[in-house]
Amino acid sequence: MFQGLSEKLQETFKRLKGKGKLKEADVSEAMREVRVALLEADVNFKVVKDFVAKVKERSIGQEVLESLSPAQHVIKIVHEEMIELMGGATGKILIASKPPTVIMLIGLQGAGKTTHAAKLANMLKKQGKHPLLVACDIYRPAAIKQLQVLGDQLKVPVFSMGQDNPRDIAKASIVHANQNGQDVVIIDTAGRLHINEELMGELRDIKSSVKPHEILLVVDAMTGQDAVNVAESFHSDLGLDGVILTKLDGDTRGGAALSIKAVTGCTIKFVGIGEKMDAIESFHPDRMASRILG
Ligand code: GDP
């Protein structure tokens, strides 16, 4: 995960540590390298600019440069600012006071919605909840089947009404959950290859019919800044409660993870780190920053 960025930053800081006493020019040189490393990792341009400016401003104070281990001090500042950049996530589902808690997963085709609907159900089941998976991706019969297979595997019930209207399916699933003691409803919606009005209209329709407690966007980390743009569009149209950033296991760069919060204001709640049903983690900015900085 994020190997490229991690290696570059670690090299920069190793050089900085080798210098002993630091001058302002040393910090500036290191920040130039940090800037390039972040841009190469596909972090949003403005995010990089603000990040480097903040770290630099905090690092060139006398207190830092004259401290006993100035390089360590600079690295600590980078670490703190990186947490701030990705910050604020809770990595939790807000459970409604009156069940069922309704979670709606949205996103483009192939991002990992169906897989993550099942992963979330599995996670919540382990926490003692009784989830219901709902198949609202009516355009691809394979998607309904995929959800049913995963549900069978996890022993989680799947609610489906075939090719019916997604809004009606979602509404009926809540009644079904109430009647059958299921306290969390996870709605898997249809994606498209690109964002379009038809998709947004359909999602708005489902949203207004079931009033979800959580609308979570599923985006593929490997698409870098495209993932950030997708998050911006979905957030402005539907209002997101959080993001599930998938395929982090294959992401060598890290641009999406480092930009989404800063650009859109949406927190990353969970990350997908593989195809298996337990390959989901709560997102912890501090752990992520530590992973990157080594
Ligand atoms: P959907 O169209 O958004 O419902 O996407 P799917 O859930 O069908 O996922 C598309 C593909 O991505 C499938 O082959 C999944 O196994 C794979 N996938 C989903 N999440 C992850 C992840 O976190 N890591 C990896 N490596 N693959 C994933």
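**Strands, ligand shell and annotated spans**

Me: What makes strand S2 (residues 131-136) and S3 count as paired, and how do they run?

Reply: In this predicted model, two bridges join strand S2 to S3, and the two strands run parallel. Pairing requires at least two bridges, so S2 and S3 qualify as a pair. One bridge can be named by its residues, since Val134 has Phe159 as its bridge partner in S3.

Me: What makes S3 and S8 the edge strands of the sheet?

Reply: Eight strands form the sheet, in the order S3-S2-S4-S1-S5-S6-S7-S8, and the sheet is open, with mixed pairing. Strand S3 (158-159) and strand S8 (280-282) each pair on one side only, and they are the edge strands.

Me: How do you know that Lys113 makes a polar contact with the ligand through its backbone?

Reply: A backbone N or O atom of Lys113 lies 2.7 Å from an oxygen atom of the ligand, and the cut-off for a polar contact is 3.5 Å, so this pair counts. For Ala111, a backbone N or O atom is 3.3 Å from a ligand oxygen, and for Gly272 the corresponding distance is also 3.3 Å, so these two pairs fall within 3.5 Å as well. As for cover, the ligand on its own has 580 Å² of accessible area, of which the protein covers 80%.

Me: Which residues surround the ligand most closely, and which helix gives the most to the shell?

Reply: The ligand is surrounded by 18 residues, and the closest are Gly110, Lys113, Thr115, Asp249 and Glu275. Helix H6, which spans residues 113-126, gives the most to this shell, with five residues. Sorted by type, the shell holds three nonpolar, nine polar and six charged residues.

Me: What does UniProt place at residues 99-275 and at residues 1-86, and how much helix does each span hold?

Reply: According to an unreviewed UniProt entry, residues 99-275 carry the feature "domain: AAA+ ATPase"; in the model this span is 46% helix and 21% strand, and its end C-alpha atoms lie 30 Å apart. The annotation "domain: Signal recognition particle SRP54 helical bundle", likewise from an unreviewed entry, covers residues 1-86, where the chain is 80% helix and 0% strand, with its end C-alpha atoms 16 Å apart.

Me: What is the omega of the peptide bond between Pro99 and Pro100, and what is notable about the phi of Phe2?

Reply: The bond joining Pro99 and Pro100 is a cis peptide bond, with omega about 0°, and Pro100 is found in the loop between helix H5 (70-86) and strand S1 (101-106). Phe2, in the segment before helix H1 (3-18), has a phi near 55°, which is a positive value in a residue other than glycine.

Me: How confident is the predictor, by pLDDT and by ipTM?

Reply: The average pLDDT of the chain is 94, and 99% of the residues score at least 70, while the complex receives an ipTM of 0.99 and a pTM of 0.95. Where pLDDT is low, predicted coordinates should not be read in detail.

Technical notes:
Residues are numbered from 1 along each chain as its sequence is written. This is a predicted model: local features need pLDDT of at least 70, side-chain atom pairs count only at pLDDT 80 or more; totals for chains, interfaces and linings use all residues. Side-chain values use heavy atoms; hydrogens and water are left out. A residue is near a molecule or strand if one of its heavy atoms lies within 4 Å of it. A polar contact is a pair of N or O atoms within 3.5 Å; within protein, one must be able to donate a hydrogen and the other to accept it, and residues adjacent in sequence count only if both atoms are side-chain atoms. Accessible areas come from the Shrake-Rupley method with a 1.4 Å probe; for residues, only the protein chains shown count as cover. Helices (H or I, at least four residues) and strands (E, at least two) are DSSP runs, numbered from the N terminus. Ala, Val, Leu, Ile, Met, Phe, Trp, Tyr, Cys and Pro count as nonpolar, Asp, Glu, Lys and Arg as charged, and the others, Gly among them, as polar. UniProt positions are given in the numbering used here, feature names are shortened, and annotations may be inferred rather than shown by experiment. pLDDT is the predictor's confidence in each residue, from 0 to 100.
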